[in-house]
Amino acid sequence: MEVDEAKEDFGDFTLPCFSLAKEMKKNPALIAKEIAEKLKDEYFEKIEAVGPYVNFWINAKKLAELTLKEILSEELFKFPKKENIIVEHTSANPTGPLHVGRTRNSIIGDSLARIMRKYGYNVEVQYFVNDVGKQVATLLWGIKNIKIEEENVRGDYRYVPYYQAAYRELEKNPKIEEAIQEIIWKYERGDEELRKIAKKYVGSVLKGIEESLKNINIHFDNFVWESSLVNKAREVADSLKEYLKEDNGAFYIDLKELGVEGKERLYLFRRDGTTLYPLRDIAYHLIKGEKARKNVDVLGEDHKLHFQAIKKIVKILNKDIELDALFYSFVNLPEGKMSTRRGKVVYLDDLLKETEARVRDIIKDRGYKEDEIEKITRVIAVGAIRFHILNVQEEKPMTFRWEDALNFEGESAPFIQYTHARATSILQKADWDGEYSIESISHPQEIKLLKLMAKYPSMVENAAERLSPYVMARYAYALASQFNQFYRDCPVLNSEENVRNARLAIVKAFKKLIKDVLELLGIEAPEKM
RNA sequence: GGGCGCGUGGCCUAGCAUGGAUAGGGCGCUGGCCUUCUAAGUCAGUGGUCGCGGGUUCGAAUCCCGCCGCGCCCGCCA
């Protein structure tokens, strides 16, 4: 028999009796009534038939006792240790500053890594630095051939004009393509001069990207440069010999033969013998597979077909590797697609700046001390940005609108952070020895909040198994919203002592839990707002 | 043309994997609530052909088929 979660006001669990009715050829309402009369269990305080449903009410005291005990002793936050896993995210071409579209990848990836870590995996976060391909070659060509007045700004902003200018030149004069191909060819063969300038400029752009992400609480354990695995790529190609087919000097794999639909050929080598991205990506995943059997890539929806193909090939070469991907859709602007090349972008740094300005404007009359302002501004702005992105299911497209991003009411991080600050404030004002009695818990809002808190482990499990950080974002909001109900209806400090102590325990548990959940989203929980 | 994804009030969005009881939230707009723990809060009102059509089922936003709209991919780019 399957029991479902019930809707509000219909208990905690429910058993619809329709299928039983069919089997037994009896009225479902009658069956429900019979079942309800027969069942008795200490974990349920009420079992009742309502029409064709049997509704179960959980024993609230027992649940309250367990939930409080487990949260306050950290027991609820423990998950069994699991194996190694590598989460790869961002991996943006280092040709310019990070824009908001790309940032969706970073924020989702970073939160996923946090969730996986909490769930018990030993997580390593990697950034695959694409320094070999055409984009970077185009940047290098621009740096060598175009004269631009350099501004004294961070690397990603300093060099992106070369990239944009090079693309403009390329569109005007397709012959430049050959020069760019030559750069690729030389670079792959380890040309000293090129490697040196690549290291300097690409490294500098990358530093800028890293800096931007650090500002919103995103860090990497490892940057793997694509150029470092050209040799591995050739080894891989050797192992794939029986699948390789030639076309005019270039080599490809027949995807139809592998059962991949939507594309016929996956080219691995150019006619000039240089490797192509798919081959290097396969090599990369095999190397990752040596470190961690489990791998998750956070990828834009444009990579779906590519991923399908390389997953298949990686599987041929090492069947133990378990490779999954979390796909997300692009962030658009109201006027259309973002594009670094055409300069139609909102950069992450500008978003952060604007968001911070908005926060400052709101808090200017709230009596913060000078030295507190910067800290709290950053915490709230970062939270607002991260939550705004995480609150939308990954696969859904989203349109970036300033008015929405800068709205700190309703479904937003500041709303959630605010509940944490409220809880903190109550605890700070209370003179409490930590003792409480379950017997004093009875208010419906207390019970509702505790029931929601009890779902924490299943929420983490769900988010981890489904590779969906947004599950945690929804949960964070639900918790905060429920806490506000409790806050409204259940005075803590002014209640009779036993009730007060029980409520203090609930507030303390909530504070711990919401802080933990926010941390899984990469959002800090301020003590004061 | 083929493959994949998305389509829920004016706008954003949950629910779809595992079909069930009046489709949850938020923004916006209108009107209330600070002599009680932080009003970034809260309450009420407003607003819905769950893209369209068919099918399966006692029951479909959810599953199946067809269609329409939008996005992405189908490169010796990455």
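Helices here are DSSP runs of H or I at least four residues long, and strands are runs of E at least two long, both numbered from the N terminus. With that in hand, we can place Thr 355 of this predicted model: Thr 355 is found in helix 13. We will come back to that residue after a look at the whole chain.

Chain A has 20 helices and 14 strands. Its C-alpha trace spans about 80 × 70 × 40 Å along the principal axes. Of the 529 residues in the chain, 52% count as buried. The accessible surface comes to about 25800 Å², and carbon and sulfur atoms account for 47% of that surface. Contacts also tell us how the chain is put together: among those between residues at least 6 apart in sequence, 74% join residues at least 24 apart.

The chain is divided into domain 1 (4-58), domain 2 (89-332) and domain 3 (380-520). If you look for the centres of domain 1 and domain 2, taken over C-alpha atoms, you will find 55 Å separating them. One pair of residues gives another sense of scale: Pro 16 and Glu 169 are 153 residues apart in sequence and 67 Å apart in space, C-alpha to C-alpha.

Now let us turn to the pockets. The largest pocket has a volume of about 1200 Å³. It is lined by 45 residues, and those closest to its centre are Asn 93, Arg 102, Gln 135, Asp 302 and His 303. Several elements each supply at least two residues of this lining, among them helix 4 (100-119), helix 5 (134-145), strand 10 (265-269) and helix 12 (304-317). Helix 11 (277-291), strand 11 (294-300) and strand 13 (331-332) also contribute at least two residues each. Sorted by class, the lining holds 18 nonpolar, 17 polar and 10 charged residues.

The second largest pocket contains about 820 Å³ of space. Its lining is made of 27 residues, with Gly 11, Asp 12, Lys 448, Lys 451 and Lys 455 nearest the centre. Where does this pocket lie with respect to domain 1 and domain 3? Both domain 1 (4-58) and domain 3 (380-520) give residues to the lining, so the pocket lies between them. Strand 4 (53-58), helix 3 (60-72), helix 17 (444-453) and helix 19 (469-489) each supply at least two lining residues. Helix 17 gives the largest share, with 5 residues. The classes in this lining are 13 nonpolar, 4 polar and 10 charged.

Back to Thr 355, now with its surroundings in view. Its relative accessibility is 1%, so Thr 355 counts as buried, the cut-off being under 20%. Leaving out residues up to four places away in sequence, Thr 355 touches Ala 381, Ala 384, Ile 385, Leu 406 and Phe 408. Val 359 lies in helix 13 (residues 348-363) as well, and Val 359 is buried, with a relative accessible area of 2%. Beyond its neighbours within four places in sequence, Val 359 is in contact with Thr 377, Ile 380, Ala 381 and Phe 408. Ala 381 and Phe 408 are thus partners of Thr 355 and of Val 359.

Further along the chain, Thr 419 sits in helix 16 (residues 413-429). Is Thr 419 buried or exposed? Thr 419 is buried, with a relative accessible area of 0%. Apart from residues up to four places away in sequence, Thr 419 touches Ala 480, Phe 483, Asn 484 and Phe 510.

Pro 16 makes a useful contrast. This proline lies in strand 2 (residues 13-16) and is partly exposed, with a relative accessible area of 24%. Leaving aside neighbours within four places in sequence, Pro 16 is in contact with Asp 4, Pro 52 and Tyr 53.

Finally, two residues are worth a look for their backbone angles. Most residues other than glycine have a negative phi. Ser 91, although not a glycine, has a positive phi of about 45°. Ser 91 is found in the loop between strand 5 (84-88) and helix 4, where it is buried at 19% relative accessible area. Asn 217 also has a positive phi, near 70°. Asn 217 belongs to the loop between helix 8 (192-215) and strand 7 (222-225), and it is buried, with a relative accessible area of 18%.

Conventions: Residues are numbered from 1 along each chain as its sequence is written. Chains are lettered from A and ligands numbered from 1 in the order in which they are written. This is a predicted model: local features need pLDDT of at least 70, side-chain atom pairs count only at pLDDT 80 or more; totals for chains, interfaces and linings use all residues. Side-chain values use heavy atoms; hydrogens and water are left out. On a 1 Å grid over the protein atoms alone, a cavity is a set of points where a 1.4 Å probe fits but cannot get out, and a pocket is an open set with protein on both sides within 12 Å along at least five of seven lines; lining residues have an atom within 4 Å of a point. Grid points are joined across faces, edges and corners, and a volume is the space filled by probe spheres set on the points. Ala, Val, Leu, Ile, Met, Phe, Trp, Tyr, Cys and Pro count as nonpolar, Asp, Glu, Lys and Arg as charged, and the others, Gly among them, as polar. Domain bounds come from an automatic or database domain assignment. Buried means under 20% relative accessible area, exposed over 50%, partly exposed in between (1.4 Å probe, protein chains only). Contact means heavy atoms within 4.5 Å. Accessible areas come from the Shrake-Rupley method with a 1.4 Å probe; for residues, only the protein chains shown count as cover.
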